[in-house]
Amino acid sequence: MENLALLWGIIGPGVSGAVFGAGWWFWVDAVVCSAVPVSFLHYLPGIFASLAALMFNCVNKDEIGYDYYSPYGDDSEWRVKLWLFVAYVVSFVCLAGSVGLLVQDALTDKGPSVWTGVAGVLQCVLVLISGLVYWTCHSED
């Protein structure tokens, strides 16, 4: 089992980077292939999903447990959990926003194509998966 954890610590960041790159590649492909200009509003879910992935990767897994010692006093544990909660709220809002833009693109003929909405959802999902993959592998001992 130790060999598997060591292997995951070695290849996990590469897998995470590849998934992150694939998410942004889908989005860039949709923007480049779009017949109409894509508004900046369509970019926001992916940008904030990347920020959410960065937010929950700022927390070490060891800081979540009850046996964690902090030199800043006893109040630091709730701060870490609050930070993670806010990061996950931001990530789910990004997913909801991208799904909303997908529905909007599917129902209207004026805006970008449905592929732009699908690529936005894929981008958010893959970016958040890459953040979680990196979070699971970067703090292994």
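The chain has 4 helices and 0 strands, so reading along the sequence gives the simple pattern α-α-α-α. Everything here comes from a predicted model. Of the chain's 141 residues, 32% count as buried.

Let's start with what the database record says. In an unreviewed entry, UniProt lists residues 7-28, 40-59, 80-102 and 114-135 under "transmembrane region". Two of these spans can be checked against the model's geometry. Residues 80-102 come out as 100% helix and 0% strand, and the C-alpha atoms at the two ends lie 33 Å apart. For residues 114-135, the span is again 100% helix and 0% strand, with 32 Å between the end C-alpha atoms.

Next comes the start of the chain. Met1 sits in the segment before helix H1, which covers residues 2-33. Is Met1 buried or exposed? Met1 is exposed, because its relative accessible area of 83% is over the 50% cut-off. Met1 also helps to make a nonpolar surface patch of about 750 Å². The other members of that patch are Leu4, Leu6, Leu7, Ile10, Ile11 and Val15.

Helix H2 is a handy place to try some helix arithmetic. H2 runs over residues 44-57, which makes 14 residues. At 1.5 Å a residue, H2 should span 20 Å, and its end C-alpha atoms are indeed 20 Å apart, so the expected and modelled spans agree. Which residues of H2 are buried? They are Pro45, Gly46, Ala49, Ser50, Ala52, Ala53, Met55, Phe56 and Asn57. For reading a list like that, it helps to know that an α-helix has 3.6 residues a turn, so residues three or four places apart point the same way.

Ser50 deserves a closer look. This residue belongs to helix H2 and has a relative accessibility of 17%. Ser50 counts as buried because that value is under the 20% cut-off. The side chain of Ser50 also makes a polar contact of 3.2 Å with the side chain of Trp24.

The last part of the picture is about residues that are separated in sequence but can be paired up in space. Gly21 lies in helix H1 and is partly exposed, at 34% relative accessible area. How many residues separate Gly21 and Gln123 in sequence? The answer is 102, while in space they are 9.2 Å apart, C-alpha to C-alpha.

Val118 gives another such pair. It is placed in helix H4, residues 114-137, and its relative accessible area of 30% makes Val118 partly exposed. Val118 and Ala30 are 88 residues apart along the sequence, yet 8.8 Å apart from C-alpha to C-alpha.

Helix H3, residues 76-107, contributes Leu102. Leu102 is partly exposed, because its relative accessible area is 22%, which falls between the 20% and 50% cut-offs. From Leu102 to Val121 there are 19 residues in sequence and 7.4 Å in space, again C-alpha to C-alpha.

Technical notes:
Residues numbered from 1 in each chain as written. Predicted model: local features only at pLDDT ≥ 70, side-chain atom pairs only at ≥ 80, totals over all residues. Heavy atoms only, no water. UniProt positions renumbered as here; feature names shortened; annotations may be inferred. Expected span 1.5 Å × (residues − 1). Buried < 20%, exposed > 50% of the residue type's maximum accessible area, 1.4 Å probe, protein only. Patch = residues over 30% accessible without salt bridge, like charges linked within 9 Å, V, L, I, M, F, W, Y side chains within 5 Å. Areas by Shrake-Rupley, 256 points an atom, 1.4 Å probe, with all protein chains shown as cover. Salt bridge = Lys/Arg side-chain N within 4 Å of Asp/Glu carboxyl O. Polar contact = N/O pair within 3.5 Å; in protein donor to acceptor, adjacent residues only side chain to side chain.
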